[in-house]
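Trainee: Could you take one part of this structure and walk me through it slowly? I would like to see how its pieces sit together.

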Amino acid sequence: MQPRLWFSFVRKCPAPCRKISTSVSHDASKIRNMALVAHIDSGKTTLTESILLQSSYITASGSVDTGSTTTDFLPAERERGITIQSASIPVKWKNWTFNLIDTPGHADFGMEVESASRVIDGAVVLIDSVEGVEAQTKGVWKQLDRYGVPTRMMFLNKQDRPGASFKLSIRSLLTHRLHPHPMVLTLPIASFDPQDYMHAEPGIQGLVDLLKWEIWRWNEAGESTCYPLPTDVQALEELEFIPSHHPIIPQLAPARTQLLENLSMFSEDLMETLLALPSEPSSYLGIKYSDIIPHLRKSTLENKILPVVCGSAIKHIGTSIAMDYVGELFASPLDVPHDSAKNAPLRMLAWKVSWDQKRGWMTYVRVYSGKLTRQSAVLNATRNQKEKVSKLLLMYASEPVEVDELPFGAVGVVLGLKFTRTGDTLVSPGAPPSARSVMQDIVPPKAVISASVIPHSHSDLEPVQNALESLSRTDPSVRYDLQEGQILVHGLGALHLEIVEGRLRSEFQANFELGKRRVSYRESLGPNYDPPHYEKPLITNNDKADIAGTSVVVALDIRPLQDDEEGSPLWDGNLVLNKAGVAIPSPESSSTANPELLIASGIATALSSSPHSSLPMSHLRIQIREWSTPSPLSLLTGASAIIMRNRIRKAGMGSLMEPYSFFKVAATEDTLGKVVKDLTEHGAELQDLGDGISDGMDEVVGYPVEGNYIPPDMLSPSSSNLTGSGASPKLRRFVHALAPLSQMLDYNSRLRALSGGHGQFDMVNAGFRVVAEPRKMEILREIGRA
């Protein structure tokens with residue numbers, strides 16, 4: 001049999017031009033609102049840069065190491081080589097418009113992921129193929145779950161790194177319960193020379209697209225060639241562009257067969273198509289891409305499967321394939337709940353607010369129905385405030401382009417809004433009451449660390465407070481308050497506070513010094529709390545407060561949360577219920593002047609500072625039972641704050657809680673003992689010692705591998721070389737530990753000294769834990785309350 005010649009074509013890198021559209025797509029079916037999310041240093045910004053290059057937005061890709069990327073444009077981002085804030089950029093890809101958001105991976109900037117997750121319909125979750133699923137991978141996955149992001153895709157990045165394992169990365173998705181049915185769409189080709197597989201050479205030179213049934217090959221210049229694959233199994237061994245004895249050849253037909261069989265489990269139509277085929281080895285190879293993609297899209301939209309692609313963002317390998325599947329599989333604005341009426345009233349959500357010295361307040365919005373035009377009026381339904389729109393912009397990272405309108409499904413920026421904050425709902429002023437309901441809010445993560453802000457002089461006090469107010473508007477995870485005459489700023493971590501300090505100086509020109517950092521503790525309810533009211537509350541003096549010459553009644557049931565009850569992040573771990581037993585949204589996100597929300601505002605004030613320790617209160621269950629109707633009604637706020645504070649004081653001091661974090665520490669074999677000893681001496685609980693596949697955070701069993709395609713080890717030749725034993729060159733060991741944050745504020749410098757500069761660590765928030773009595777006295781002395 002003569003070898004069959006297969007047509008090939010070369011797709012060069014994009015032409016050197018810069019595409020900036022000054023109009024917004026009106027075809028909502030072609031819009032994809034998406035984000036790149038991942039653990040820190042998984043390659044999100046590098047993939048963003050590769051997407052911009054492949055889409056011809058830029059002519060040469062920048063680098064995180066040199067601080068030349070498009071979306072990391074802040075000075076601090078370029079100096080540190082990390083993403084600090086999310087950046088939005090519209091990307092034209094074929095006939096789709098991707099509203100792409102690049103997000104930070106560091107847990108200290110989790111608010112940026114939180115706000116982006118609220119307005120996207122799809123997320124590409126990146127994994128470092130050496131590390132697999134990591135702590136913050138699961139953190140961002142939970143954020144996507146919280147906001148119901150309907151479509152997701154995994155991009156197994158850094159396939160070119162020594163130690164990268166395609167197989168272990170797939171298994172880690174199951175082990176850490178990200179999804180029970182990951183579906184591999186592409187296979188990596190480490191090299192087109194079979195000898196490199198025998199020598200365990202790391203790298204990636206090509207990809208197999210199992211759906212389109214083609215092989216892509218990249219040369220050293222970054223140019224790609226696409227080779228269609230034959231539909232006959234015998235012909236797979238006679239390809240001219242790859243040796244017949246290459247180890248990938250025997251994997252091609254089984255991988256596509258299992259892909260189709262697994263997909264058919266979620267599609268009866270596809271199952272019938274497969275059953276009608278003759279029972280020959282080549283039967284599944286002839287099924288066309290156009291006949292498969294509708295079933296794959298439907299299963300992705302229903303979250304029955306998790307598409308998985310791979311590549312190397314820094315080499316631009318796999319980028320175009322990933323973006324093709326984003327366009328084909330991700331939800332459009334038409335695929336999520338929306339008002340389908342032709343002339344639906346305007347309804348949009350503010351998902352981010354930033355400050356620009358030239359343009360003023362810039363409000364990032366997503367339009368959920370209707371159309372927004374410039375120089376129009378809108379109503380902030382969350383705060384019951386009318387706002388005036390001056391200009392509309394599309395943001396290409398830091399570069400604005402003015403547009404006349406933002407249609408349904410669009411993501412853009414509004415100038416001129418004075419009162420709007422992150423999470424607010426904006427509607428047409430003439431919208432019916434049914435269209436004025438407030439959409440799901442964006443929940444800021446809890447602050448875990450604080451520092452005092454000391455103005456240089458009395459004249460600097462007001463500018464510093466104004467700067468903090470403005471900064472907290474742009475970043476709701478920054479909180480500040482006054483305690484005993486001191487200004488305290490609260491953040492999500494030590495790095496977060498460093499960035500806050502820099503922004504206050506550079507963006508707002510504030511003159512101050514930052515005091516010693518300390519973690520943010522919490523106090524729970526004391527043991528002497530009052531029993532609950534009967535069905536009809538019996539009003540006592542505990543339920544009354546005199547304010548402005550008026551006696552006001554607010555009856556509250558207050559007790560600690562039970563083990564099976566969960567507090568709301570909006571209430572700092574407390575649960576506040578109305579008279580009907582329904583959870584009340586945070587008063588900060590609602591201004592409707594009904595009695596229960598006015599009472600809730602007073603409760604929030606009282607919870608912010610304990611009368612015993614001045615610490616915020618947490619883990620309380622509070623239900624509003626009864627109230628009087630004073631005039632004006634706003635007296636309920638002050639009265640409820642007084643009553644709540646008196647009830648907390650009467651209950652006595654409760655237990656104190658301090659924040660803990662999960663730590664994953666990488667150290668060489670010879671320094672491992674020192675690292676472990678230091679952790680235990682600083683109160684850490686060791687969870688696991690290993691090679692990094694587990695992070696010690698989960699006790700639950702992973703999803704079973706049965707029914708999923710698990711690729712063989714040979715697809716990643718260098719992985720076996722680095723994870724074996726004997727002559728293995730892998731010297732790094734990983735320690736997983738749970739430690740009090742207060743003992744780890746200087747861990748970066750400690751680890752550097754212990755490991756000779758070779759140690760690395762990641763950390764993720766693990767919530768608050770009750771401390772023992774000796775530690776409680778230490779905390780009280782630390783805050784000056786002992």
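Mentor: Let's look at one open sheet and the helices that lie across it. Do keep in mind that this is a predicted model, where local features need pLDDT of at least 70, side-chain atom pairs count only at pLDDT 80 or more, and totals for chains, interfaces and linings use all residues. Residues are numbered from 1 along each chain as its sequence is written, and side-chain values use heavy atoms, with hydrogens and water left out.

The sheet has four strands in the order β28-β29-β31-β30, and their pairing is mixed. Strands here are DSSP runs of E with at least two residues, helices are runs of H or I with at least four, and both are numbered from the N terminus. Two strands pair if DSSP finds at least two bridges between them. At the edges you will find β28 (544-547) and β30 (575-577); each has a single partner strand, so one side of each is left without a neighbour in the sheet. From one strand to the next, the twist averages 30 degrees.

Now find β29 (residues 550-560) and β31 (residues 620-627), which pair in the antiparallel sense over seven bridges. Leu 556 stands opposite Ile 624 in β31.

Two helices complete the view. Helix α13 (residues 595-607) lies across β29, β30 and β31, at about 140 degrees to β31. Helix α14 (residues 635-651) lies across β28, β29 and β31, at about 45 degrees to β29. These angles, from 0 to 180 degrees, are between N-to-C directions of lines fitted to C-alpha atoms, for helices over the stretch in contact, with contact meaning heavy atoms within 4.5 Å.
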